[in-house]
Amino acid sequence: MPSTLPNTLNFSASKRGGAIQHVLVVDDSQLQRKLLTLALKRWGFDVAEAASGAEALELAALQRPDLVLSDWMMPGMSGLELCRRFRAIEGEEYSYFILLTSKSEKDEIAHGLDSGADDFLTKPVDNNELRARITAGERLIEMQRSMAQSNRVLSETLAELQRLYDHIDSDLQEAKKLQQSLVKERFRALPVGDLSLMLRSSGHVGGDLVGFFEAGAKHVGLYALDVSGHGISSALMTARLAGYLSSAAPDQNVALRKDTAGQFVPRSPDEVVADLNNLVLDEMETEHYFTLLLAFVELETGHMVLSQAGHPHPAVQRADGRIEQLGPGGFPVGLLSGVRFERFELTLNRGDRILILSDGVTECPGPDDDMLGEEGLTTLMEELAAIRGPAFLEALIWKLTEFNGSEDFPDDVSAILFEYQGLPDT
């Protein structure tokens with residue numbers, strides 16, 4: 001039964017501005033195609049016709065339609081098979097597909113929906129109903145195209161963010177190399193013993209730093225510091241502080257002074273820490289503060305003079321295995337002016353060693369969020385008593401990994417290990 005042309009709807013035949021512009025009509029009946037085409041063109045659509053499913057796919061490849069009106073029952077390729085193949089064609093924009101059918105059984109309709117059809121019209125087609133279905137299709141297409149546009153913008157934004165992330169990550173990798181280069185030597189064999197250092201940031205860069213410097217002919221200076229926070233700003237501050245305790249430029253090292261003979265000798269470490277406190281408060285525009293342990297070792301005797309500014313207690317492991325954790329604690333550097341920093345002393349005998357650690361070790365959390373603490377550190381040192389030098393620090397990291405349940409520690413980890421053997425017997 002032929003379609004009836006609308007006489008109640010007044011549509012302009014000029015070029016449309018809606019979501020649906022190009023319509024493909026597929027029917028093996030030339031009469032049905034012409035009736036549908038005539039109505040669609042009167043409504044302002046650009047229409048192409050195909051007498052078979054194969055011809056429809058060829059036309060769709062040349063110009064993808066916004067809407068397909070296809071008869072279900074056609075010789076050769078059915079409208080259902082056409083719908084499946086059409087949906088398999090890659091396309092950025094969605095096309096609305098309406099099957100024209102005399103079928104009304106629910107299972108057949110469900111079969112059509114499973115094949116990718118969007119809607120159905122029962123033949124003979126009522127043009128008012130067809131126009132209403134096209135309007136509904138336009139709303140769906142507009143939503144889909146809006147979503148596709150949003151997805152494109154999102155994809156472009158994510159791609160740009162990825163490029164920025166890769167650039168930042170590359171810069172951070174270089175920053176990590178530069179920060180690690182501040183610890184120029186990880187091992188130094190001294191005439192009186194061995195000095196081992198370890199620096200491991202929790203991220204690309206961190207706020208920990210360890211180092212040593214010659215303090216004249218008779219002493220060596222050791223320092224370990226931990227700047228508050230994490231990341232680039234903390235790392236920049238560690239780099240600046242490293243300049244104040246430079247091993248390469250003793251004339252710029254605030255921990256050294258010249259004696260009457262013009263030779264560099266150690267200053268009292270508590271005075272050095274006080275000067276650094278003033279430098280941070282008076283000259284650095286920063287919210288950061290840091291903990292510090294500064295020590296001088298007299299090489300011939302093993303006598304040490306130290307100042308502790310909020311840094312964890314140094315742990316001395318005696319030759320007989322006993323462990324002593326010493327120091328007054330002290331106040332961090334860069335928080336308050338006028339703070340009085342103290343010094344204390346200890347002596348290493350032959351076979352003793354001292355371990356200076358950051359709080360990333362003692363405050364390392366276990367599976368139940370219980371920190372390792374000073375007692376846990378004592379236990380670890382007892383278990384590792386037979387291991388020497390850099391191997392001790394590597395074993396310490398393995399023990400921390402077991403305790404933490406992961407090698408990704410929440411804080412930076414740094415350490416200095418000085419193993420004292422004294423001067424060789426003459």
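**Two sheets and their helices**

Valine 26 has serine 70 in β3 as its bridge partner. The model is predicted: local features need pLDDT (the predictor's confidence in each residue, from 0 to 100) of at least 70, side-chain atom pairs count only at pLDDT 80 or more, and totals for chains, interfaces and linings use all residues. Residues are numbered from 1 along each chain as its sequence is written, and side-chain values use heavy atoms, leaving out hydrogens and water.

**Exercise 1.** Work out the strand order of the open sheet with parallel pairing, and find its edge strands.

*Solution.* Start with the strands, which are DSSP runs (E, at least two residues; helices are H or I, at least four), numbered from the N terminus. Strands pair if DSSP finds at least two bridges between them. Tracing the 5 strands across this sheet gives β2-β1-β3-β4-β5. Next, look for strands that pair on one side only: these are β2 (46-50) and β5 (119-122). Now zoom in on β1 (residues 22-26) and β3 (residues 67-71), a parallel pair joined over 4 bridges.

**Exercise 2.** Locate the strands that helices α1 and α3 lie across.

*Solution.* Take α1 (residues 30-42): this helix lies across β1, β2, β3 and β4 (96-101), and runs at about 170 degrees to β2. Such angles lie between N-to-C directions of lines fitted to C-alpha atoms, for helices over the stretch in contact, and run from 0 to 180 degrees. Then turn to α3 (residues 79-88), lying across β1, β3 and β4, at about 170 degrees to β4.

**Exercise 3.** Do the same for the antiparallel open sheet: give its order and its edges.

*Solution.* Its 5 strands follow the order β8-β9-β12-β13-β16. The edges are β8 (208-214) and β16 (344-347), each pairing on one side only. From one strand to the next, the twist averages 20 degrees. Inside the sheet, β9 (residues 219-227) and β12 (residues 290-298) pair in the antiparallel sense over 9 bridges, and aspartate 226 stands opposite threonine 291 in β12. One helix that packs on this sheet is α6, touching β8, β9 and β12, with a direction at about 160 degrees to that of β9. As for α7, this helix lies across β12 and β13 (303-309), at about 150 degrees to β12.

**Exercise 4.** Describe how α6 and α7 meet, first by axes and then by residues.

*Solution.* The axes of α6 (residues 232-244) and α7 (residues 269-283) come within 12 Å, crossing at roughly 130 degrees. For the residues, use contact, meaning heavy atoms within 4.5 Å. On the α6 side are Met237, Arg240 and Tyr244, which meet Leu276, Leu279, Val280 and Glu283 in α7.
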